[in-house]
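Biologist: Please take a close look at a single part of this model, namely the loop that carries a residue with unusual backbone geometry, and then relate that part to other local features of the chain.

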Amino acid sequence: MRISTTSCLCPVLVCLCFIQRCYGASHHLPSKYPSRNLTKLINGETEVHHRPKRGWIWNQFFVLEEHMGPDAQYVGKLHSNSDKGDGSVRYILSGEGAGTIFIIDEVTGDIHAAKSLDRERKTHYVLHAQALDRNTEEALEPKSEFIIKVQDINDNAPKFPDGPFVATVPEMSEVGTSVLQITATDADDPTYGNSAKIVYSILQGQPYFSVDPKTGIIRTALSEMDREAREHYTVVIQAKDMAGQVGGLSGSTTINITLTDINDNPPKFPQKNYQLYVPESAQVGKPVGKIKANDEDLGVNADIKYSIINSEGANMFSISTERDTREGIITLKKPLNYERKKTYTLHIEGVNTHVDPRFSYLGSFKDTATLKITVGDVDEAPVFSVDHYILDVYENAPSGTEVGAVLARDPDSRNSPVRYFLDSKEEGVRYFRIDESSGLIRTTQPLDREDMSWHNITVMASEVDNPGLFSHVPVTVQVLDMNDNPPEIATDEEVIVCESSRPGQVIQTVTAVDKDDFANGQRFTFALPSQLPVNPNFTLKDNEDSTASIIARRRRFNHLTQELYELPIVVWDGGEPSLSGTSTLTLRVCPCQRHGKIRMCQGEAFLSSAGLSTGALIAILLCIVILLAIVVLFITLRRSKKEPLIISEEDIRENVVTYDDEGGGEEDTEAFDIIALRNPAAAEELKFRRDVRPEARHHCIPPRNRRSPSVELDEVDVHEFIKQRLVEADMDNSVPPYDSLQTYAYEGQGSPTGTVSPLDSPGTQSEQDYNYLDDWGPEFQKLAELYAEAESDVTT
């Protein structure tokens with residue numbers, strides 16, 4: 001089979017088509033048989049070509065995109081070596097677009113494109129061709145694959161997919177500074193012709209910017225572009241295909257370029273001279289005015305630092321920069337005084353903090369201005385001569401004693417008179433008063449240093465003409481000491497004296513205290529009272545160092561003979577005049593161990609031996625008392641709240657009575673009537689009177705000859721009685737539907753001794769004869785004797 005085409009679109013394709021036709025026309029060999037192709041070379045030699053069994057001549061087809069003609073576009077022709085032209089060969093086509101886009105003439109093998117193709121959507125199609133015997137439908141040739149390529153035409157204009165663009169470039173940049181590179185895309189085939197070859201040009205933005213035709217890089221075209229003159233620029237760039245030739249397609253985009261700021265402008269004060277009025281009452285540390293220099297730059301390039309460059313202004317004022325407004329804030333450093341200085345001149349300088357050295361040729365980036373400050377006169381409060389007064393006065397001084405004086409004056413030029421008074425809110429006003437005119441402070445009552453050694457008061461001063469304007473000053477008054485308190489012994493505790501003390505032994509060293517204040521230290525002397533007789537037990541030695549020693553005068557004290565001794569001591573201080581005081585010490589005699597170690601005395605010894613403190617003993621006693629109270633309360637409640645023995649009066653069934661106290665004598669016989677167990681017949685009689693105990697019979701029969709009540713009762717079998725009761729309980733619909741526990745104590749019959757239970761005893765203890773117990777054997781003989789003795793004691 002051979003493939004041919006007449007669709008030659010260019011000189012190259014024309015040559016290919018010619019070679020194709022010549023090659024296909026000169027080879028019509030039978031298919032499926034081996035053959036040799038002979039090619040005669042220039043040198044006369046013959047080259048032998050071996051070919052495969054099938055007879056395909058393979059080639060590619062080309063079809064023009066965007067075909068708009070009325071007829072289907074011819075693509076090419078298929079021809080098999082087996083085709084003799086008699087119509088016996090049928091050509092079929094399969095693969096991409098077969099039967100829809102591409103159709104084939106089954107007889108001639110001509111292929112046509114039935115639809116318009118777009119290369120930008122699909123660049124080629126892969127198809128399969130086969131020749132069949134029309135009669136037998138057998139394949140004359142195996143399937144062969146070939147490609148139909150869509151040939152491009154210039155049908156797509158360049159586009160800027162990322163546009164429009166935004167770019168920045170610093171102001172004052174040099175010519176040729178790169179701003180931005182833009183790239184356009186063309187959907188046409190870049191490998192075929194010039195359909196996708198793009199050239200860039202600038203449509204708007206000259207003479208400030210230019211664009212490279214090949215790369216699309218935008219650069220500055222004008223030097224010294226000033227942001228302060230113009231900040232924003234709009235540039236339009238065009239991209240044209242076909243290498244910019246006539247007939248090419250084009251697209252454009254917009255680039256918005258902004259000039260960024262650099263520090264190319266120095267700060268400037270709007271004017272060179274300024275004036276400011278500041279009252280002399282302005283507070284130190286507070287702003288009194290502001291000044292501002294203008295800078296056309298932005299951001300950090302416009303930051304300004306202000307300073308006062310002359311000493312006259314720098315000593316009284318300071319200036320700082322407010323970050324947001326870039327203003328210079330002027331602050332007062334020292335108090336103003338109109339009477340001393342009425343005007344100040346400040347030389348203020350503003351300097352950029354970020355200077356670009358590239359623009360140093362423009363000059364220094366700073367400016368200066370002069371500020372004249374006028375101090376205003378204000379009526380001021382009186383001023384005291386000092387900021388704090390410290391005065392003193394002796395204690396016990398009489399009322400009206402002078403303490404000291406304060407002085408204040410009017411700082412204004414008028415020098416108005418001043419009036420003094422004390423702050424009534426303070427406690428010290430009850431001890432002092434002040435003269436309104438002179439400022440002299442006096443006491444209102446005698447002062448006691450030992451009560452309060454320092455007093456704090458506040459003196460206030462105001463002008464007589466303007467009482468609402470006043471000032472104040474603190475005054476501290478120290479109360480000086482006078483010797484007005486006698487000394488006394490420092491300790492109030494008992495002095496321990498060992499029983500084994502020897503004459504001359506120091507019992508204890510004592511000191512004294514005095515409420516008065518001695519500048520050179522306290523000095524005390526000690527002695528025993530001279531008006532009292534000589535103490536035979538103890539004496540006192542003054543150590544001449546403000547201490548004294550108590551010394552024993554005899555040996556062997558005995559705490560059993562005398563435990564406590566009293567020793568009066570006289571103490572003198574070293575003040576002027578000297579004062580004395582008498583203190584009485586209590587000395588307790590106690591046993592001591594060797595080497596003078598003291599043992600505990602009386603109650604302390606007991607507590608110490610037990611190892612318990614007084615607080616612990618009290619806690620233990622309280623716990624014991626509480627426990628006793630709980631026990632008593634528990635017993636009381638148990639006795640007052642006894643449960644009734646009979647649970648229900650209407651229930652004739654036996655009950656299990658549980659109690660943990662001792663027997664109650666005759667009360668137990670009333671708790672439950674057990675005669676019903678002994679005499680079933682009697683139970684019927686007592687059915688409705690279970691609370692009444694039947695009277696005993698045969699009281700006159702001696703105990704020796706009596707039989708047991710159970711023997712005397714009707715001889716009725718108890719077992720039969722129990723069965724009868726069970727039947728009645730089962731048949732009774734009025735009783736509660738639950739099982740009950742019924743316990744019977746049946747002793748049986750024929751006991752020679754009878755019952756010993758007191759429940760059936762007909763008489764009291766005094767009516768019984770216990771001699772019959774002797775007949776029961778030696779086991780009961782002792783019991784009879786005991787009962788007889790007890791009865792005789794009761795009778796006596």
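Modeller: E224 lies in the loop between β15 (217-220) and β16. In this predicted model, E224 has a positive phi of about 55° although it is not a glycine. With a relative accessibility of 57%, E224 counts as exposed, because the cut-off for that class is over 50%.

The strand that follows this loop leads to an aromatic contact. Y233 lies in strand β16 (residues 232-240), and at 6% relative accessibility Y233 counts as buried. By the ring-centre rule, the count of aromatic pairs comes to 10. One of them is formed by Y208 and Y233, a tilted pair with 4.9 Å centre to centre and 55° between the planes. Y208 is placed in the loop between β13 (199-204) and β14 (209-211), so its pairing with Y233 ties together parts that are 25 residues apart in sequence. In contrast to the buried Y233, Y208 is partly exposed, at 25% relative accessibility. F209 joins these two residues, and Y208, F209 and Y233 form one aromatic cluster.

The loop that holds Y208 also contains P207, between β13 and β14. The peptide bond from Q206 to P207 is cis, with omega near 5°. Another cis peptide bond runs from G163 to P164, where omega is near -5°. P164 is found in the loop between β10 (144-151) and β11 (165-170).

The backbone feature of E224 has a counterpart further along the chain. R556 also has a positive phi of about 55° and is not a glycine. R556 lies in the loop between β39 and β40, and R556 is exposed, with a relative accessible area of 64%.

The loop of R556 takes part in an aromatic contact as well. F557 lies in the loop between β39 (547-552) and β40 (564-573), while F538 belongs to strand β38 (residues 538-542), so this pair ties together parts that are 19 residues apart in sequence. The ring centres of F538 and F557 are 5.3 Å apart and the planes meet at 5°, so the pair is stacked. Both members are enclosed: F538 counts as buried at 2% relative accessibility, and F557 counts as buried at 3%.

Rings also meet charged side chains in this model. K341 lies over the face of Y344, at 5.2 Å from the ring centre. K342 lies over the face of Y338, at 4.7 Å from the ring centre.

Two further elements illustrate burial and exposure. In strand β5 (residues 73-79), 5 of the 7 residues are buried, so β5 is largely enclosed by the rest of the structure. Strand β5 runs antiparallel to strand β8 (residues 110-113), and 4 bridges join them. Within this pairing, Q73 stands opposite A113 in β8.

At the surface, I620, L621, I624 and L628 make a nonpolar patch of about 380 Å². One of its members, I620, is found in helix α4 (residues 614-640). I620 counts as partly exposed, at 38% relative accessibility.

To return to the part in question, the loop between β15 and β16 holds E224, an exposed residue with positive phi, and the strand β16 contains Y233, a member of the aromatic cluster with Y208 and F209.

Technical notes:
Residues are numbered from 1 along each chain as its sequence is written. This is a predicted model: local features need pLDDT of at least 70, side-chain atom pairs count only at pLDDT 80 or more; totals for chains, interfaces and linings use all residues. Side-chain values use heavy atoms; hydrogens and water are left out. Patches are made of residues with over 30% relative accessible area and no salt bridge: like charges are joined within 9 Å, nonpolar side chains (Val, Leu, Ile, Met, Phe, Trp, Tyr) within 5 Å. Accessible areas come from the Shrake-Rupley method with a 1.4 Å probe; for residues, only the protein chains shown count as cover. A salt bridge is a side-chain nitrogen of Lys or Arg within 4 Å of a carboxyl oxygen of Asp or Glu. Helices (H or I, at least four residues) and strands (E, at least two) are DSSP runs, numbered from the N terminus. Buried means under 20% relative accessible area, exposed over 50%, partly exposed in between (1.4 Å probe, protein chains only). Two strands pair if DSSP finds at least two bridges between them. Rings of Phe, Tyr and Trp (its six-membered ring) pair if their centres lie within 6.5 Å; planes under 30 degrees apart count as stacked, over 60 as edge-to-face and the rest as tilted. A charge sits over a ring if NZ of Lys or CZ of Arg is within 6 Å of the ring centre and within 35 degrees of the ring normal.
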